[in-house]
Amino acid sequence: MFGGLSFMVNGKLALSAGRRGDLLVRCDPDRVVDLIEKPGAEWAEMRGRRMGKGWIRVSAVGIETDEELLAWINAAMDHSGKIGDTRDG
């Protein structure tokens, strides 16, 4: 569906590595405005339409270093780890 290698957490898509070296990231919708200010990040689109709030596409420019990639993985895990979590706290 997303044309790349996808990673699921708690039964939901967290990240998808695209064929062109880009990354589709599912993050907390409340963090999108701040996250799209990072290099290479933009609102994710599919077939010319913006995806729902919480989806960001990061070009290869934004994940050139291990630290940059890890920051995006952490953004996805911070959100995906909460999905379905019914614990208090």
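These are my notebook entries on charged pairs, nonpolar cores, rings and backbone angles in one structure, which is a predicted model.

**Entry 1: salt bridges**

I began with the charged side chains, since side chains of opposite charge can pair when their charged atoms come close. How many salt bridges does the structure hold? I found 2 salt bridges, and I looked up each of them in turn.

One of them is formed by the side chains of Asp22 and Arg57, with an N to O distance of 2.8 Å. I noted that Asp22 sits in the loop between β2 and β3 while Arg57 belongs to strand β7, so this pair ties together parts that are 35 residues apart in sequence. Are these two residues buried or exposed? Both Asp22 and Arg57 turned out to be buried.

In the other bridge Asp78 meets Arg31, and the closest N and O atoms are 4.0 Å apart. Here Asp78 is part of helix α2 and Arg31 is in the loop between β3 and α1, so parts that lie 47 residues apart in sequence are tied together by the pair. I then checked accessibility and found Asp78 partly exposed, at a relative accessible area of 44%, and Arg31 also partly exposed, at 33%.

**Entry 2: the surroundings of Asp22**

I went back to Asp22, whose loop runs between β2 (12-18) and β3 (23-26). Its relative accessible area is 10%, and because buried means under 20%, Asp22 counts as buried. I also listed a polar contact of 2.8 Å between the side chains of Asp22 and Arg57. What else does Asp22 contact, leaving aside its neighbours within four places in sequence? Besides Arg57, I wrote down Ser16, Ala17, Val58, Ser59 and Ala60.

**Entry 3: nonpolar cores**

I next looked up the largest nonpolar core, which has 15 residues, and those with the most contacts inside it are Leu23, Val25, Cys27, Leu35, Ile56, Val58 and Trp72. Which elements each supply at least two residues of this core? My list reads β2, β3, α1 (32-35), β7 (55-58) and α2 (66-80). The largest share comes from α2, with 3 residues.

I followed Leu23 further and, not counting residues up to four places away in sequence, found that Leu23 touches Leu15, Ser16, Ala17, Ile56, Arg57, Val58, Ile63, Leu69 and Trp72. There is also a second, separate core of 5 residues, and among them are Leu13, Leu24, Met51 and Trp55.

**Entry 4: aromatic rings**

I searched for aromatic pairs and recorded 0 of them in the structure. I did find charged side chains over rings: Lys38 lies over the face of Trp72, at 5.5 Å from the ring centre, and Arg50 lies over the face of Trp43, at 4.3 Å from the ring centre. I noted that Trp72 had already appeared in my list for the largest nonpolar core.

**Entry 5: positive phi angles**

My last search was for backbone angles, and I wrote down Asn10, which has a positive phi of about 55° although it is not a glycine. Asn10 belongs to the loop between β1 (4-9) and β2, and it is partly exposed, with a relative accessible area of 49%.

Arg47 likewise has a positive phi of about 55° without being a glycine. I located Arg47 in the loop between β5 (45-46) and β6 (49-50). Is Arg47 buried or exposed? Its relative accessibility is 79%, and because exposed means over 50%, I entered Arg47 as exposed.

How values were computed. Residues are numbered from 1 along each chain as its sequence is written. This is a predicted model: local features need pLDDT of at least 70, side-chain atom pairs count only at pLDDT 80 or more; totals for chains, interfaces and linings use all residues. Side-chain values use heavy atoms; hydrogens and water are left out. Helices (H or I, at least four residues) and strands (E, at least two) are DSSP runs, numbered from the N terminus. Buried means under 20% relative accessible area, exposed over 50%, partly exposed in between (1.4 Å probe, protein chains only). A polar contact is a pair of N or O atoms within 3.5 Å; within protein, one must be able to donate a hydrogen and the other to accept it, and residues adjacent in sequence count only if both atoms are side-chain atoms. Contact means heavy atoms within 4.5 Å. Rings of Phe, Tyr and Trp (its six-membered ring) pair if their centres lie within 6.5 Å; planes under 30 degrees apart count as stacked, over 60 as edge-to-face and the rest as tilted. A charge sits over a ring if NZ of Lys or CZ of Arg is within 6 Å of the ring centre and within 35 degrees of the ring normal. A nonpolar core is a set of buried Ala, Val, Leu, Ile, Met, Phe, Trp, Tyr and Cys residues joined through side-chain atoms within 4.5 Å.
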